[in-house]
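Here is a protein model to be read through a series of questions and answers, moving from its overall make-up to particular residues. Please keep the structure in view while following the reasoning.

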Amino acid sequence: MQRKCKFCWGLWVVSIAVIGAMAYMFIVRGSVVASDDGRTAIIMSAGERDMVLADMRIFLESVEAITGALAENDMNSVADHAKQVGVPAESKAPVSLMAKLPLAFKTMGMATHQAFDDLAQVAADTGDGQVVLTNLSELMNNCTTCHAGYRIQIDGNSGE
């Protein structure tokens, strides 16, 4: 009986270790390598890259629209454009892609969506273009930090 119990505990410990390692790889680390330019390269398929870049272009287009609305002092338009890329507008990335993204990248992306929601709220509540512009500047720090720290590298084995 005692031998059987030791086997169960051993199996349990190994199972927990395997689950922990998988969670680290898929939730925290992602599919990354160091790149020659000092950034972290995220390895993904061409289709996944296209999806990520499309989301980034939407951020940039929204910032363009927001700055135009700020120039016109149109806080309702600022709020509308910001809401379009807030948390509810997050793309529904496939699990396979989410597993490839490191936790810091995912966290920064979520924070950026939230910052757009916050910007919309500030524009609607205060109507103060200077405060909105300050918030937009802080939001853009997420973009520059991300681009300075990460690059996308196509997986040579993706079959695309």
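Q: Which residue does Ile43 stand opposite in strand 3?
A: In this predicted model, strand 2 covers residues 40-44 and runs parallel to strand 3, with five bridges joining the two. Ala41 stands opposite Arg151 in strand 3. For Ile43, the residue opposite in strand 3 is Gln153.

Q: What is the order of the strands in the open sheet?
A: Strand 1 and strand 2 are joined by three bridges and run antiparallel, whereas strand 2 and strand 3 run parallel, and the pairing in the sheet is accordingly described as mixed. The open sheet has three strands, and their order is 1-2-3.

Q: Which strands stand at the edges of the sheet, and why is one side of each left without a neighbour?
A: The open sheet has the strand order 1-2-3. Each edge strand has a single partner strand, so one side of each is left without a neighbour in the sheet. The strands at the edges are strand 1 (32-34) and strand 3 (150-154).

Q: What does the twist average from one strand to the next?
A: The sheet in question is open and made of three strands with mixed pairing. From one strand to the next, its twist averages 35°.

Q: Which residue in the turn of the hairpin has a positive phi?
A: Strand 1 and strand 2 form a hairpin with five residues between them, and the bridge partner of Ala34 in strand 2 is Thr40. In the turn of this hairpin, a positive phi of about 90° belongs to Gly38.

Q: How many of the residues of strand 2 are buried?
A: Across the protein, buried residues make up 29% of the 160 residues. Strand 2 is mostly covered, and of its five residues the number buried is four.

Q: Is Ile152 buried or partly exposed?
A: Ile152 lies in strand 3 and, leaving aside neighbours within four places in sequence, is in contact with Ile42, Met44, Arg49, Val52 and Leu53. The C-alpha atoms of Ile152 and Val32 are separated by 9.2 Å, although these residues are 120 apart along the chain. Buried would require under 20% relative accessible area, and Ile152 has 23%, so its class is partly exposed.

Q: What pattern does the protein follow when read along the sequence?
A: The protein contains six helices and three strands. Residues 24 or more positions apart account for 78% of its contacts with a separation of 6 or more. Read along the sequence, the helices and strands follow the pattern α-β-β-α-α-α-α-α-β.

Q: What is the volume of the largest pocket?
A: The largest pocket is lined by 25 residues, of which Asp55, Phe59, Phe105, Gly109 and His113 lie nearest its centre. Two or more lining residues come from each of helix 2 (46-71), helix 4 (95-100), helix 5 (103-126) and helix 6 (129-149). The lining divides into 16 nonpolar, six polar and three charged residues. The volume of this pocket is about 590 Å³.

Q: Is Asn142 buried or exposed?
A: Asn142 lies in helix 6 and touches Met108, Ala111 and Thr112, not counting residues up to four places away in sequence. Asn142 and Ala115 are 27 residues apart in sequence and 9.3 Å apart in space, C-alpha to C-alpha. The relative accessible area of Asn142 is 18%, and since the cut-off is under 20%, Asn142 counts as buried.

Q: Which helices do the buried residues of helix 3 pack against?
A: In helix 3, the buried residues are Met75, Ser77, Val78, Ala79 and Ala82. Met75 is also touched by Gly129, a residue that lies in helix 6. The helices against which the buried residues of helix 3 pack are helix 2, helix 5 and helix 6.

Q: What is the phi of Asn73?
A: Asn73 is found in the loop between helix 2 and helix 3 (75-83), and at 54% relative accessibility this residue counts as exposed. Most residues other than glycine have a negative phi. Asn73, a residue other than glycine, has instead a positive value, with phi near 55°.

Terms used: Residues are numbered from 1 along each chain as its sequence is written. This is a predicted model: local features need pLDDT of at least 70, side-chain atom pairs count only at pLDDT 80 or more; totals for chains, interfaces and linings use all residues. Side-chain values use heavy atoms; hydrogens and water are left out. On a 1 Å grid over the protein atoms alone, a cavity is a set of points where a 1.4 Å probe fits but cannot get out, and a pocket is an open set with protein on both sides within 12 Å along at least five of seven lines; lining residues have an atom within 4 Å of a point. Grid points are joined across faces, edges and corners, and a volume is the space filled by probe spheres set on the points. Ala, Val, Leu, Ile, Met, Phe, Trp, Tyr, Cys and Pro count as nonpolar, Asp, Glu, Lys and Arg as charged, and the others, Gly among them, as polar. Buried means under 20% relative accessible area, exposed over 50%, partly exposed in between (1.4 Å probe, protein chains only). Contact means heavy atoms within 4.5 Å. Two strands pair if DSSP finds at least two bridges between them. Axes are lines fitted to C-alpha atoms, for helices over the stretch in contact, and angles run from 0 to 180 degrees between N-to-C directions.
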